[in-house]
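Grab a pencil and get ready to work through a few exercises. Try each task yourself before reading the solution under it.

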Amino acid sequence: MTALTNLLDFDPEQLVAYCGELGEKPFRAKQLQRWIHVFGVNDFDAMTDLAKSLREKLKGRAMIAEPTVISDKTSEDGTRKWLLDVGQGNAIETVFIPEDDRGTLCVSTQAGCAVNCRFCSTGKQGFSRNLTTGEIISQLRMAEFALRKTKGIEAGPKGERQISNVVLMGMGEPLLNYDATVRALKLMLDDNAYGLSRRRVTVSTSGVVPMIDRLAQDCPVALAVSLHAPNDSLRNELVPLNRKHGLDDLMAACKRYLEYAPREAIMFEYCMLDGVNDTDKHARELITLVTARGRSVSSKFNLIPFNPYPESGLKRSSDARVRAFGKILLDAGFITTVRKTRGDDIDAACGQLAGEVQDRTRVQERTIRMAVNQQRSGHSVCSVEEELA
Ligand code: SF4
């Protein structure tokens, strides 16, 4: 028996090609895609405007298979976190952060992460595997329809959309799982799927330089960079990928990306670690980094108070230190925000997306191999910012 094809793995173009193979016209692919992503329907028989013959063909060859929900928790502040089973002992996390003017979903792109940033509990879990396109887009599909159901809102184009923004800042480095990530991004932006604007979808990378350039060509959405240090020697310690792609290369890539980006600035994320990267000198160095002649990068800063976890050996900078650091950036003319901690009571805050990863070993070896291969390939969440004044 041939394996059934999971239609969630197809981006819009691929679904047209697949329907073509079944002898169907492109408009049928659009109809099918709307049933899957706009109405959230899994049963081919319920797709009433598709010809019966097509429904029968699909039933014999295709399926719509999503990860199962292991747990679904809502924090006192409204943050909702789902733990999803992606098979073979692996689980991933998806977090929804509601605010007055938007609803942001933080999506994972890998089970675990090989980058192993020093302050990140996901990195400490090790890397297990890349997620498929279906597993990435399923997080948005599952969350959007679960949120509507909770509020009694109908599925379909008339139902009020609950998720207005998506950030690829969950588990994993999205640009090390490039192909699956870009296919999922295309679905997020497609009017016959989720119809999000490019400005409202953000890829957050720890700095996979060649893939930043590819993303500019393939699907330029908003870009955030997990920076965390203003110089190479400190960043080498905090973000090991920096040894492969140093700050000169990273800043040059950011500058190139801005020519294609839907936003006028790159968002630099900076995890505030007590006594490690949080002095006034570090703040001034950061300004020099992004304003250096010939490669100045239009920048915004998001300061993230570190969420301590036992094995890290690191501490959160004091609120006063975060404010003083932010003021230096602000006085230099940079929009600077401080991330509010959300979902602490359900472990959904930044850097707490640990999930369950089966293979917790040989992280270093995998990091090196993946960096060398430079083909495929994550982060820490919850983009709720408070403007520093
Ligand atoms: S911060 Fe991002 S890139 Fe670094 S280890 Fe965590 S998930 Fe991976």
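Below are some tasks about helices and single residues, each with a worked solution.

A quick word on the ground rules. This is a predicted model, where local features need pLDDT of at least 70 and side-chain atom pairs count only at pLDDT 80 or more, while totals for chains, interfaces and linings use all residues. Residues are numbered from 1 along each chain as its sequence is written.

**Exercise 1: the overview**

Task: find how many helices and strands the protein has, and what percentage of its residues count as buried.

Solution. Start with the elements: there are twelve helices and 15 strands. Helices (H or I, at least four residues) and strands (E, at least two) are DSSP runs, numbered from the N terminus. Next, burial: 48% of the 389 residues count as buried. A residue is buried if 20 or more other C-beta atoms lie within 10 Å of its own, exposed if 12 or fewer, and partly exposed in between, with C-beta atoms placed from the backbone.

**Exercise 2: H1 against H2**

Task: describe how helix H1 and helix H2 pack.

Solution. Two packed helices are described by the angle between their axes and the distance between the axes.

- Step 1, the geometry. H1 (residues 12–21) and H2 (residues 26–38) pack at about 120°, and their axes are 8 Å apart. Axes are lines fitted to C-alpha atoms, for helices over the stretch in contact, and angles run from 0 to 180 degrees between N-to-C directions.
- Step 2, the class. H1 and H2 are therefore oblique to each other. Angles under 35 degrees count as roughly parallel, over 145 as roughly antiparallel, 65 to 115 as roughly perpendicular and the rest as oblique.
- Step 3, the hand. H1 and H2 make a right-handed crossing. A crossing is left-handed if the near helix is turned anticlockwise from the far one by less than a right angle, and right-handed if clockwise.
- Step 4, the residues. H1 brings Pro-12, Leu-15, Val-16 and Cys-19, and H2 brings Pro-26, Arg-28, Ala-29, Leu-32 and Gln-33. Two residues are in contact if their C-beta atoms, placed from the backbone, lie within 7 Å.
- Step 5, the make-up. The residues of this contact between H1 and H2 are seven nonpolar, one polar and one charged. Ala, Val, Leu, Ile, Met, Phe, Trp, Tyr, Cys and Pro count as nonpolar, Asp, Glu, Lys and Arg as charged, and the others, Gly among them, as polar.

**Exercise 3: H7 against H9**

Task: work out whether H7 and H9 are roughly parallel or roughly antiparallel.

Solution. Helix H7 (residues 209–218) and helix H9 (residues 247–258) pack at about 5°, with axes 9 Å apart. H7 and H9 are therefore roughly parallel to each other. Now pick out the residues: Val-209, Ile-212, Asp-213 and Ala-216 of H7 make the contact with Asp-249, Leu-250, Ala-253, Arg-256 and Tyr-257 of H9. Sorting the residues of the H7 and H9 contact gives six nonpolar, no polar and three charged.

**Exercise 4: H6 and its surroundings**

Task: is H6 largely enclosed by the rest of the structure or not, and why?

Solution. Nine of the twelve residues of H6 are buried, so H6 is largely enclosed by the rest of the structure. Among the buried ones are Tyr-178, Val-182 and Leu-185. One partner is helix H5 (residues 133–151), whose axis comes within 8 Å of that of H6 (residues 178–189), crossing at roughly 35°. The crossing of H5 and H6 is right-handed. Just before H6, in the loop between strand E9 (165–168) and H6, sits Leu-175. Leu-175 is buried, with 26 other C-beta atoms within 10 Å.

**Exercise 5: two positive phi values**

Task: decide whether Gln-88 is buried or exposed, then do that for Asn-116.

Solution. Most residues other than glycine have a negative phi, and most peptide bonds are trans. Gln-88 has a positive phi, near 50°, and lies in the loop between strand E4 (80–85) and strand E5 (91–98). Gln-88 is exposed, with 10 other C-beta atoms within 10 Å. Phi of Asn-116 is positive too, near 60°, and Asn-116 is in the loop between strand E7 (110–112) and helix H4 (121–124). Asn-116 is buried, with 21 other C-beta atoms within 10 Å.
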